[in-house]
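Dear colleague,

I am passing on the structure we spoke about, and below it I have set out what came out of going through it. Please read the notes with the model open beside them.

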Amino acid sequence: MALHIGVDKSTYSKIEKGLRELTVSELSKMAKLFNLTTDQIINYDENIIPKEIVIEDKSTLEQMELIQQLDEEDKSTVFKIIDKMLTTKKFKDFFNKNVAAL
């Protein structure tokens, strides 16, 4: 967030702690990042803030639906990670099976 609005980490930390106010320019950049208006940020409603998603708590179908909501680049990254993990598992299983047979 600090990089996006053009401040260093210590300055952003002060903003988070309420020790420093956002400038209009910083507020505008933050609004663009979250695809909100500055008014929506200033007058936010805690009841509409998205809650953290923990995918492990979801059913397999819900997990797949959440993955499908990602943009194409993020979906591709997730699938590459899964491919790598599955390939690694197959190699481990292969070597464990063949070592046990010796």
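K75 is buried, its relative accessible area being 10%, and this in a model that is predicted. The side chain of K75 meets that of E72 in a salt bridge, with 3.0 Å from N to O. E72, by contrast, counts as exposed, at 58% relative accessibility. Both E72 and K75 belong to helix α6, which covers residues 72–101, and they sit three residues apart there, about one turn of the helix. Because buried is taken as under 20% relative accessible area and exposed as over 50%, K75 at 10% falls in the buried class, while E72 at 58% falls in the exposed class.

How many salt bridges does the structure hold? There are three, and the pair just described is one of them. Another joins K89 to D93, with the closest N and O atoms 2.6 Å apart. K89 and D93 also lie in helix α6, where they are four residues apart, again about one turn of the helix. Neither end of this bridge is buried: K89 is partly exposed at 47% relative accessibility, and D93 is likewise partly exposed, at 39%. The remaining pair is E26 and R20, whose closest N and O atoms are 3.0 Å apart. Here the acidic partner, E26, is buried, with a relative accessible area of 7%, whereas R20 counts as partly exposed at 26%.

Turning to the fold as a whole, the secondary structure consists of six helices and zero strands, so that the pattern read along the sequence is α-α-α-α-α-α. The radius of gyration is 22 Å, well over the 13 Å that the globule rule gives for 102 residues, and the protein is therefore more spread out than a compact globule. Along the principal axes, the C-alpha atoms fill a box of roughly 70 × 30 × 25 Å. Of the 102 residues, 14% are buried, and K75 and E26 are among the buried residues. If one takes the contacts between residues at least 6 apart in sequence, 16% of them join residues that are at least 24 apart.

As for the surface, the protein exposes about 9000 Å², and carbon and sulfur atoms supply 58% of that area. The side chains include 15 positive and 18 negative ones, and the centres of these two sets lie 8 Å apart.

Some individual positions may help you to find your way around the model. T77, in helix α6, is partly exposed at 40% relative accessibility; T77 is separated from S13 by 64 residues in sequence and by 30 Å in space, C-alpha to C-alpha. E65, which lies in helix α5, is also partly exposed, with a relative accessible area of 44%, and between E65 and V7 there are 36 Å in space, C-alpha to C-alpha, for a separation of 58 residues in sequence. D45 is placed in the loop between α4 and α5, the latter being residues 60–68, and counts as partly exposed at 35% relative accessibility. The C-alpha atoms of D45 and Q68 are separated by 27 Å, the two residues being 23 apart along the chain.

One backbone feature deserves a look of its own. Which residue has a positive phi although it is not a glycine? That residue is N35, with a phi of about 55°. Most residues other than glycine have a negative phi. N35 is found in the loop between α3 (24–33) and α4 (38–42), and at 70% relative accessibility N35 counts as exposed.

With best regards

Note on methods:
Residues are numbered from 1 along each chain as its sequence is written. This is a predicted model: local features need pLDDT of at least 70, side-chain atom pairs count only at pLDDT 80 or more; totals for chains, interfaces and linings use all residues. Side-chain values use heavy atoms; hydrogens and water are left out. A salt bridge is a side-chain nitrogen of Lys or Arg within 4 Å of a carboxyl oxygen of Asp or Glu. Buried means under 20% relative accessible area, exposed over 50%, partly exposed in between (1.4 Å probe, protein chains only). Helices (H or I, at least four residues) and strands (E, at least two) are DSSP runs, numbered from the N terminus. The radius of gyration is taken over C-alpha atoms; the globule rule is 2.2 Å times the number of residues to the power 0.38. Contact means heavy atoms within 4.5 Å. Accessible areas come from the Shrake-Rupley method with a 1.4 Å probe; for residues, only the protein chains shown count as cover. Lys and Arg count as positive and Asp and Glu as negative; His and the chain ends are not counted. The place of a charge is taken as NZ of Lys, CZ of Arg, CG of Asp or CD of Glu.
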